[in-house]
Amino acid sequence: MTTESIIQELSLLQRPKLFKAREVSRSLTFKRDPIRIAVVKFLQERDGRLCQICKGAFFDEFPSIDHIKPAGLGGEHQLENFQLAHLKCNNTKGMREQES
């Protein structure tokens, strides 16, 4: 093996770790955003602190903000179009409108 191929293999091994660290850092910063916190508090009061997809309670999980009508389908970024959801529920719903 050449020195260049070893360096290339090492750089490929280190990328996932660096990417994950950045992702976690971004996630923590995003959760502390004062506007996001205010929106979550408003939605918790409005929606009774329950996931609006599965109707389950939030325990240690920080709720995700879900678009009732996804932005990709013409949904607006307005409080009326937001609901709280478990991250897993939100990801499962994907870019579909919620069934009533």
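The following exchange examines how the terms applied to this predicted model rest on its computed values.

Reader: What conventions underlie the values?

Author: Residues are numbered from 1 along each chain as its sequence is written, and side-chain values use heavy atoms, with hydrogens and water left out. As this is a predicted model, local features need pLDDT of at least 70 and side-chain atom pairs count only at pLDDT 80 or more, whereas totals for chains, interfaces and linings use all residues.

Reader: How do you know which elements of the protein chain carry the lowest and the highest confidence?

Author: The criterion is pLDDT, the predictor's confidence in each residue, from 0 to 100. Its mean over the protein chain is 76, and 68% of the residues reach 70 or more. Among the elements, helix H1 (residues 3-31) has the lowest mean, 51, and S2 has the highest, 93. Over residues 13-25 the value stays under 50, and the model has zero contacts beyond four places in sequence for them; a contact means heavy atoms within 4.5 Å. Where pLDDT is low, the predicted coordinates should not be read in detail.

Reader: What makes a segment a helix or a strand, and what pattern does the protein chain follow?

Author: Both are DSSP runs numbered from the N terminus: helices are H or I runs of at least four residues, and strands are E runs of at least two. By that rule the protein chain has three helices and two strands, in the order α-α-β-β-α.

Reader: Why is the set containing Val39 called a nonpolar core?

Author: The term requires buried Ala, Val, Leu, Ile, Met, Phe, Trp, Tyr or Cys residues joined through side-chain atoms within 4.5 Å. Buried means under 20% relative accessible area, exposed means over 50%, and partly exposed lies in between (1.4 Å probe, protein chains only). The largest such core has nine residues: Val39, Val40, Leu43, Cys51, Phe58, Phe82, Leu84, Ala85 and Cys89. Helix H2 (34-47) and strand S2 (82-85) are the elements that give two or more residues to this core. Setting aside neighbours within four places in sequence, Val39 is in contact with Ile65, Leu79 and Phe82. Over the protein chain as a whole, buried residues make up 25% of the 100 residues.

Reader: Why is the pair Lys93 and Asp66 called a salt bridge?

Author: A salt bridge needs a side-chain nitrogen of Lys or Arg within 4 Å of a carboxyl oxygen of Asp or Glu. The side chains of Lys93 and Asp66 meet at 2.9 Å, N to O, so the pair satisfies the criterion. The pair links distant parts of the chain, 27 residues apart: Lys93 is in helix H3 (residues 87-93) and Asp66 in strand S1. Lys93 has a relative accessible area of 7% and is therefore buried; Asp66, at 4%, is likewise counted as buried.

Reader: How many salt bridges does the structure hold?

Author: The structure holds three. Another joins the side chains of Glu45 and Arg49 at 2.9 Å, N to O. Glu45 counts as exposed because its relative accessibility is 55%, while Arg49, with 45%, is partly exposed. Asp47 also forms a salt bridge with Arg46, the closest N and O atoms being 2.9 Å apart. Here Asp47 counts as buried at 14%, and Arg46 as partly exposed at 38%.

Reader: Why is Asn81 classed as buried or exposed, and where does Asn81 lie?

Author: Asn81 lies in the loop between strand S1 (64-67) and S2. Its relative accessibility is 11%, so Asn81 counts as buried. The side chain of Asn81 reaches the backbone nitrogen of Lys69 at 2.8 Å, which means that the pair meets the distance limit for a polar contact (N or O atoms within 3.5 Å; within protein, one able to donate a hydrogen and the other to accept it, residues adjacent in sequence counting only if both atoms are side-chain atoms).

Reader: What makes Gly72 exposed?

Author: Gly72 has a relative accessible area of 54%, and therefore counts as exposed. Gly72 is found in the loop between S1 and S2. Gly72 and Arg96 are 24 residues apart in sequence and 9.3 Å apart in space, C-alpha to C-alpha.

Reader: Which residues other than glycine have a positive phi, including one in the loop between H2 and S1?

Author: Arg49, which lies in that loop, has a positive phi of about 55 degrees. Lys55, found in the loop between H2 and S1, has phi near 65 degrees.
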